[in-house]
Amino acid sequence: MSLIFNSQRLRSLLNLSRSSLFSLTPNFFSTASKENPFTVSYLINKCSFPLETALKASKRVHFDNPKKPDSVIAFFKTQGFTDAQIQSVMRRAPELLICDHTKRVLPKFQFLTSKGASPSDIVITVSRNPDFLRKSLDNHIIPAFQFVRRFCPSDQRAIACVIACPTSISDARVQQNVQLLIDEGVTDSNIYNLFRTRLTVLCSHDFGEVLDEVKNMGFDPSKSGFSIAILAKKAITKSKWDAKIDAFKTWGWSEQEVLEAFKRLPQFMLRSQDKLNAVISLWVGQLGWDPSALLKAPVIFGYSLEKRLIPRASVVKELLSKGLMRKDASLVTPFGLSEHMFLEKFVRCFDEDNASRLLKLYQKELQHLSVS
């Protein structure tokens, strides 16, 4: 019989109650399906598999009674997994339903616990990547963890990396790509920075190409900017990267100027296009200030518009208009200072009347923006 016929026949059976479905004999099912009928019905009723998924899984997983799968599901519940999480894990790794969980699963949970993982950490890790449980503890998981640990300051930090990206344990490309970084002279601390911020970058198949691209842009592998540049180039799709370049061009910047700013502070390109446009619009469009200052100090793009840029810009603009600040003074400096130092150097340093007026202006902007 064709799979289409089988699927249609099984769909009609799903209208029966669960007990009725389990009680149907294999002979009855065999006329409509080559798959194990009990397995299919169990996967659908107990694990919420879609019909087609259950049919596919039944080619790899076979059982004639619920004892083994029920014990596995019960085990996962004792470990803190919800029904929805268990169903998700089993759909992606159905062979777990027939495993000896005391030998295959529990030791892996115990290993993670020994390294500082909490029960909820384990649930998150397995739910995100059930493939983790397919790997051998001694031959794969422990060596892979030790590899990650090499670059992390503690077991707890290493576990945090694993939880954030469970594929770091199961994906062989991580070690391959890290070795490329080591060969280029990237320091352990910068490799850890990639682990800590976005370890998924190291799970990519084209990592070597990105590595070469960043090198050709002039980044020094021994500096922290190298790993950040890799992160930026991997995190931003080509279409979004080109769109950001085009946005800068509309404000008169060349692509080379944008790349120079990227070399100064690669993380600035990780800002959203809306944020980049909003900062340039404020700086150039509203304030009429020199856009080259932003190129020389792209850190400005990382500051909050509402909490820092707009309120402080109102003070700087007032200082310039009243002649209280030199025309050739750095426009960037006021925005990089702490709150206390900004007020000391650009508000309270003036006579009482000016200081009071500037403080009111600054606080008014802050309050207005926080309300809106």
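Begin by selecting Gly-218 in this predicted model, where, just after helix α16, the backbone takes a positive phi of about 100°.

From there, step back into α16 itself, which covers residues 207-216, and show the side chains of Phe-207, Val-210, Leu-211 and Val-214, which are buried. If you look down the axis of α16, these buried residues fall within an arc of 105°, so they line one face of the helix. An α-helix has 3.6 residues a turn, so residues three or four places apart point the same way. Now turn to the other side of α16 and select Glu-209 and Asn-216, which are exposed. To find what covers the buried residues, add α14 (173-183) and α17 (224-235) to the view, as both are among the covering elements.

Next, move to the largest nonpolar core, which has 116 residues, and pick out Phe-76, Leu-181, Phe-195 and Ile-300, the members that touch the most others. Helix α22, residues 305-321, gives the most to this core, with seven residues. Which residues surround Ile-300, once its neighbours within four places in sequence are left aside? Select Val-279, Trp-283, Leu-294, Leu-309, Val-332 and Phe-335, each of which is in contact with Ile-300.

Finally, keep α22 in view and add helix α24, residues 339-346, which packs against α22 at an angle of about 15°, with the two axes 12 Å apart. Because angles under 35 degrees count as roughly parallel, α22 is roughly parallel to α24. Their contact is made by Arg-312, Val-315 and Leu-319 from α22, together with Glu-339, Phe-342 and Phe-346 from α24, and the crossing of these two helices is left-handed.

Key:
Residues numbered from 1 in each chain as written. Predicted model: local features only at pLDDT ≥ 70, side-chain atom pairs only at ≥ 80, totals over all residues. Heavy atoms only, no water. Buried < 20%, exposed > 50% of the residue type's maximum accessible area, 1.4 Å probe, protein only. Helix = DSSP H or I, 4+ residues; strand = E, 2+ residues; numbered from the N terminus. Arc of directions from axis to C-beta. Contact = heavy atoms within 4.5 Å. Core = buried A, V, L, I, M, F, W, Y, C linked by side-chain atoms within 4.5 Å. Axes fitted to C-alpha atoms, helices over the stretch in contact; angles between N-to-C directions. Parallel < 35°, antiparallel > 145°, perpendicular 65-115°, else oblique. Left-handed = near helix turned anticlockwise from the far one by under 90°.
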